Amino acid sequence: MLVVGRKPGEYVMLDDDIMVKVVKSEEGHLRLAIEAPKEVKITRGELYEEQNNKAE
């Protein structure tokens with residue numbers, strides 16, 4: 001797992017086509033913007049876990 005610190009306006013790139021950008025950060029709350037091709041599925045963590053727990 002890679003852990004990086006970013007400030008609002010800063011971003012990380014995954015490959016050449018997925019950007020994860022910090023758009024807002026304040027006292028324990030963080031807002032991210034994710035720019036990715038339409039074919040890339042993006043699922044929030046709690047929904048991902050719920051879907052995988054149902055499959056078991």
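These legends describe three close-up views of a predicted model.

**View A. Tyr11 and its surroundings in strand 1****.**
Strand 1 spans residues 11-14, and Tyr11 lies in this strand. Tyr11 is partly exposed, with a relative accessible area of 43%. Leaving aside residues up to four places away in sequence, Tyr11 touches Arg6, Met19, Val20 and Lys21. Val23 serves as a distance marker here: Tyr11 and Val23 are 12 residues apart in sequence. In space, their C-alpha atoms are 9.0 Å apart.

**View B. A negative surface patch that includes Glu39****.**
Four residues form the patch: Asp15, Asp16, Asp17 and Glu39. Glu39 sits in the loop between strand 3 and helix 1. Strand 3 covers 29-35, and helix 1 covers 45-55. The relative accessible area of Glu39 is 70%. Glu39 therefore counts as exposed, because the cut-off for that class is over 50%.

**View C. A nonpolar surface patch with Ile34 among its members****.**
Leu30, Leu32, Ile34 and Ile42 make this patch. Its area is about 390 Å². Ile34 is found in strand 3. What is the relative accessible area of Ile34? The value is 46%, so Ile34 is partly exposed. That class lies between the buried limit of under 20% and the exposed limit of over 50%. Ile34 can join a patch because members need over 30% relative accessible area.

Note on methods. Residues numbered from 1 in each chain as written. Predicted model: local features only at pLDDT ≥ 70, side-chain atom pairs only at ≥ 80, totals over all residues. Heavy atoms only, no water. Patch = residues over 30% accessible without salt bridge, like charges linked within 9 Å, V, L, I, M, F, W, Y side chains within 5 Å. Areas by Shrake-Rupley, 256 points an atom, 1.4 Å probe, with all protein chains shown as cover. Salt bridge = Lys/Arg side-chain N within 4 Å of Asp/Glu carboxyl O. Lys, Arg positive; Asp, Glu negative; His and termini not counted. Charge placed at Lys NZ, Arg CZ, Asp CG, Glu CD. Helix = DSSP H or I, 4+ residues; strand = E, 2+ residues; numbered from the N terminus. Buried < 20%, exposed > 50% of the residue type's maximum accessible area, 1.4 Å probe, protein only. Contact = heavy atoms within 4.5 Å.
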